[in-house]
Amino acid sequence: MRIFNRNTIAAFLLGGALAAGAGALAVERHMGGSHAAVDASAHAERMLKHLYVEVDATDAQKAKIEPLVKQAMQDLKPIHGQLRGAHAELLTWLGQPTLDAGALEAMRVQKLQLADQASKRLVQLIADVGEVLTPEQRNKLAAHLGKLHERRHG
């Protein structure tokens, strides 16, 4: 049985780039304003540079991957903002004299739909970038991300 089939490798492939996107969005969230957008972009670029080194990406591959990641970040930014508001919204509901279970359920469904949209977009990004890299590069990246995961999660 092969551990690293095409789908598994593709799933690991963009782990680093997805972390870059999530990290960039987190930077933007905490800093706010146009300065944050610059910092988020710079963070994503740093993460992509690490990705490129790990897989020995060619200049042609870099030219294809970077716009894919940047577009995904743009697509995910509004979804992230909407999901971010869920905590405050829940606290508002909890502070009411009576709880509206129907409204809470509607909020839960809405947030799940947003999470599903984000998940679909991330999977598309993984597939798109996976098509740019060679199988050997995907194996290198999977091995690297596996080591990072093991260090973080024991």
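A residue is called buried when its relative accessible area is under 20%, exposed when it is over 50%, and partly exposed in between (1.4 Å probe, protein chains only). With that in hand, here are the views. What you're looking at is a predicted model, in which local features need pLDDT of at least 70 and side-chain atom pairs count only at pLDDT 80 or more, while totals for chains, interfaces and linings use all residues. Residues are numbered from 1 along each chain as its sequence is written, and side-chain values use heavy atoms, with hydrogens and water left out.

**View 1. The whole chain is made of seven helices and zero strands.** Helices (H or I, at least four residues) and strands (E, at least two) are DSSP runs, numbered from the N terminus. Read from the N terminus on, the order is simply α-α-α-α-α-α-α. The chain has 154 residues, and 31% of them count as buried. About 9700 Å² is exposed, with carbon and sulfur atoms supplying 58% of it; these areas come from the Shrake-Rupley method with a 1.4 Å probe, and for residues only the protein chains shown count as cover. Now for contacts, meaning heavy atoms within 4.5 Å. Among those between residues at least 6 apart in sequence, 73% join residues at least 24 apart.

**View 2. Helix α7 has a buried side and an exposed side.** This helix covers residues 135-153. Its 19 residues reach 26 Å from the first C-alpha to the last, close to the 27 Å expected at 1.5 Å a residue (the expected span is 1.5 Å times one less than the number of residues). Which residues of α7 are buried? They are Gln-137, Arg-138, Leu-141, Ala-142 and Leu-145. Seen down the axis of α7, these buried residues fall within an arc of 130°, so they line one face of the helix; the arc is that of the directions from the helix axis to the C-beta atoms. As a bit of background, an α-helix has 3.6 residues a turn, so residues three or four places apart point the same way. Over on the other side of α7, you'll find Glu-136, Lys-147, Glu-150 and Arg-151 exposed. After α7 comes Gly-154, with a positive phi near 75°.

**View 3. Arg-121 reaches across to Asp-75 in a salt bridge.** A salt bridge here is a side-chain nitrogen of Lys or Arg within 4 Å of a carboxyl oxygen of Asp or Glu, and by that rule the count comes to nine. In this one, the closest N and O atoms are 2.7 Å apart. The pair ties distant parts of the chain together: Arg-121 belongs to helix α6 (residues 101-132) and Asp-75 to helix α4 (residues 59-84), 46 residues apart. Is Arg-121 buried or exposed? Arg-121 counts as buried, at 18% relative accessibility, while Asp-75 is partly exposed at 30%. Setting aside neighbours within four places in sequence, Arg-121 is in contact with Leu-68, Gln-71, Ala-72, Asp-75 and Leu-76.

**View 4. Two salt bridges sit within single helices.** In helix α6, Lys-120 pairs with Asp-116, the closest N and O atoms being 3.3 Å apart. These two are four residues apart, which means about one helical turn lies between them. Lys-120 is exposed at 57% relative accessibility; Asp-116, at 39%, is partly exposed. In helix α7, the side chains of Glu-136 and Lys-140 meet at 3.9 Å, N to O. Glu-136 and Lys-140 are also four residues apart, so about one helical turn separates them. Glu-136 is exposed, with a relative accessible area of 53%, and Lys-140 is partly exposed at 30%. Elsewhere, salt bridges that share partners join Glu-45, Glu-66 and Lys-70 into one network.

**View 5. Four leucines make a nonpolar patch on the surface.** They are Leu-90, Leu-91, Leu-94 and Leu-99, with about 370 Å² of accessible area together. Patches are made of residues with over 30% relative accessible area and no salt bridge; like charges are joined within 9 Å, and nonpolar side chains (Val, Leu, Ile, Met, Phe, Trp, Tyr) within 5 Å. Leu-90 lies in helix α5 (residues 86-94) and is partly exposed, at a relative accessible area of 34%.

**View 6. Asp-56 has a positive phi although it is not a glycine.** Most residues other than glycine have a negative phi. For Asp-56 the value is about 55°. Where is Asp-56 found? Look in the loop between α3 (33-55) and α4. Asp-56 is exposed there, with a relative accessible area of 51%.
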